[in-house]
Amino acid sequence: MRRLIFTFSLILSAFLISCKEDKPDETVTPVHSALLEVTTFRNDSAGTVKPLSGVTVYLFLTDNDRTNNQNVKYSGTVNDSGKISFNKLPDEYYYILSSHPVYGTQKSETATPNNSVSFEVIYY
């Protein structure tokens, strides 16, 4: 009886091994889920803070890239409310350069951890 059980176990093991399907290594692609909202403001002549439109916002991965204005990762122009949103960003640290044709440029920086919303406010 022991011999029959051993033989049956051996046949079953061989069958299971031969049925095993070889799958190539699966690559998991991360889902970028961070949101960065940038808002720009300007003090008017009466000292009232108001949203500033017409600002182009550039995101860089290094301070050197921002300094040399090279390798822009993302960019866009704020709306009439002085806001722009960058959606589905990877978990990175961004160096921000905002540029207005009249008021010049401003620098800022922020992190965008996955599953988070980051807010950056820039004043001119």
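Visitor: Is Y93 buried, exposed or partly exposed?
Guide: Y93 is partly exposed, with a relative accessible area of 36%. Keep in mind that this is a predicted model.

Visitor: Okay, why partly exposed?
Guide: Because 36% falls between the two cut-offs, under 20% for buried and over 50% for exposed.

Visitor: And Y95, buried or exposed?
Guide: Y95 counts as buried, at 18% relative accessibility.

Visitor: How are the rings of Y93 and Y95 arranged?
Guide: Their centres are 5.3 Å apart and the planes stand at 70°, so this pair is edge-to-face. The cut-off for that label is over 60 degrees.

Visitor: How many aromatic pairs are there?
Guide: The count comes to 3 aromatic pairs. One of them is F41 with Y123, and that pair is stacked, at 5.6 Å centre to centre with 25° between the planes.

Visitor: Where do F41 and Y123 sit in the chain?
Guide: In distant parts, 82 residues apart. F41 belongs to strand 1 (residues 34-43), while Y123 is in strand 8 (residues 117-123).

Visitor: What else does Y123 take part in?
Guide: Y123 joins V49 and V121 in making a nonpolar surface patch of about 280 Å².

Visitor: Switching to the sheet. What's the strand order?
Guide: The order is 4-3-6-7, an open sheet of 4 strands with antiparallel pairing. Strand 4 and strand 7 (104-112) are the edge strands, each pairing on one side only.

Visitor: How much are neighbouring strands turned against each other?
Guide: By 20° on average in this sheet, direction ignored.

Visitor: How many bridges does each pairing have?
Guide: Going across the sheet, strand 3 (residues 56-60) and strand 4 (residues 74-77) pair over 4 bridges. Strand 3 also pairs with strand 6 (residues 92-100), over 5 bridges. Then strand 6 and strand 7 pair over 9 bridges.

Visitor: Let's zoom in on T56. What stands opposite T56 in strand 4?
Guide: That's T77.

Visitor: And in strand 6?
Guide: There T56 stands opposite S99.

Visitor: Now follow S99 into strand 7. Which residue is the bridge partner?
Guide: The partner of S99 in strand 7 is T105. If you want to trace a path through the sheet in the viewer, start at T77 in strand 4, opposite T56, step from T56 to S99 in strand 6, and finish with the bridge from S99 to T105.

Conventions
Residues are numbered from 1 along each chain as its sequence is written. This is a predicted model: local features need pLDDT of at least 70, side-chain atom pairs count only at pLDDT 80 or more; totals for chains, interfaces and linings use all residues. Side-chain values use heavy atoms; hydrogens and water are left out. Patches are made of residues with over 30% relative accessible area and no salt bridge: like charges are joined within 9 Å, nonpolar side chains (Val, Leu, Ile, Met, Phe, Trp, Tyr) within 5 Å. Accessible areas come from the Shrake-Rupley method with a 1.4 Å probe; for residues, only the protein chains shown count as cover. A salt bridge is a side-chain nitrogen of Lys or Arg within 4 Å of a carboxyl oxygen of Asp or Glu. Helices (H or I, at least four residues) and strands (E, at least two) are DSSP runs, numbered from the N terminus. Two strands pair if DSSP finds at least two bridges between them. Axes are lines fitted to C-alpha atoms, for helices over the stretch in contact, and angles run from 0 to 180 degrees between N-to-C directions. Rings of Phe, Tyr and Trp (its six-membered ring) pair if their centres lie within 6.5 Å; planes under 30 degrees apart count as stacked, over 60 as edge-to-face and the rest as tilted. Buried means under 20% relative accessible area, exposed over 50%, partly exposed in between (1.4 Å probe, protein chains only).
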